[in-house]
Amino acid sequence: MLKRMVHGLSQKNLQDSNYLHLIGVEVETMDWQSLSRCRSLPSELFFEKAEEDINVLNNVKMLCNNCPVQKICHKAGIDGREYGVWGGELLAKGVAVVGK
């Protein structure tokens with residue numbers, strides 16, 4: 001049901017407003033990955049392949065640009081000190097890789 005409620009909402013409406021809170025969803029505990037644009041793609045596109053191929057990295061970043069959970073994903077990558085592309089940014093130990 002949550003997917004239907006957020007379908008069609010822009011990233012700005014979903015993340016910059018209080019929309020999720022207003023409908024009773026706690027962002028900290030929600031399954032935000034199920035709302036992501038990348039949910040059905042192979043995970044290696046966001047890790048090994050993005051790090052090896054600048055074209056893959058650029059395409060992945062473009063996919064993230066209009067994702068309704070981009071900011072939530074990015075925060076998860078930083079907070080978890082993750083590697084790979086999180087919310088449209090290539091991270092290493094949760095820190096943005098400069099120049100990529």
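Rings of Phe, Tyr and Trp (its six-membered ring) pair if their centres lie within 6.5 Å; planes under 30 degrees apart count as stacked, over 60 as edge-to-face and the rest as tilted. The model is predicted, so that local features need pLDDT of at least 70 and side-chain atom pairs count only at pLDDT 80 or more, while totals for chains, interfaces and linings use all residues. Residues are numbered from 1 along each chain as its sequence is written, and side-chain values use heavy atoms, with hydrogens and water left out.

**Exercise 1. Determine how many aromatic pairs the structure holds, and describe the geometry and place of what is found.**

Step 1. The structure holds 1 aromatic pair.

Step 2. Phe47 and Trp86 form this pair, with 6.4 Å from centre to centre and 75° between the planes, which is edge-to-face.

Step 3. Phe47 belongs to the loop between α3 (19-22) and α4 (48-52), whereas Trp86 belongs to strand β1 (residues 84-86); the pair thus links distant parts of the chain, 39 residues apart. Helices (H or I, at least four residues) and strands (E, at least two) are DSSP runs, numbered from the N terminus.

Step 4. Burial is judged by relative accessible area: buried means under 20%, exposed over 50%, and partly exposed in between (1.4 Å probe, protein chains only). Phe47 is partly exposed because its relative accessibility is 27%, and Trp86 is buried because its value is 15%.

**Exercise 2. State the order of helices and strands along the chain.**

Step 1. The chain has 6 helices and 3 strands.

Step 2. Read along the sequence, the pattern is α-α-α-α-α-α-β-β-β.

**Exercise 3. Identify the residues of the largest nonpolar core.**

Step 1. A nonpolar core is a set of buried Ala, Val, Leu, Ile, Met, Phe, Trp, Tyr and Cys residues joined through side-chain atoms within 4.5 Å. Of the 100 residues of the chain, 32% count as buried.

Step 2. The largest core has 9 residues: Met30, Trp32, Leu35, Cys67, Val69, Ile72, Cys73, Trp86 and Leu91.

Step 3. Another core, of 8 residues, lies apart from it and includes Phe46, Leu57, Cys64 and Leu90.

Step 4. Ser36, in the loop between α3 and α4, counts as buried because its relative accessible area is 4%. Neighbours within four places in sequence aside, Ser36 is in contact (heavy atoms within 4.5 Å) with Cys67 and Val69.

**Exercise 4. Explain why Cys38 and Cys64 form no disulfide.**

Step 1. A disulfide is a pair of cysteine sulfur atoms within 2.5 Å, and the structure holds 0 disulfides.

Step 2. For Cys38, the closest cysteine sulfur is that of Cys67, at 6.1 Å, and this is too far for a bond. Cys38 is partly exposed, with a relative accessible area of 26%.

Step 3. For Cys64, the closest cysteine sulfur is that of Cys73, at 6.2 Å, which is again too far for a bond. Cys64 is buried, at 10% relative accessibility.

**Exercise 5. Find the partner with which Asp79 forms a salt bridge, and locate both residues.**

Step 1. A salt bridge is a side-chain nitrogen of Lys or Arg within 4 Å of a carboxyl oxygen of Asp or Glu. By this rule the count is 1.

Step 2. The partner of Asp79 is Lys75, with the closest N and O atoms 2.5 Å apart.

Step 3. Both residues lie in helix α6 (residues 70-79), 4 residues apart, or about one turn of the helix. Asp79 and Lys75 are both exposed.
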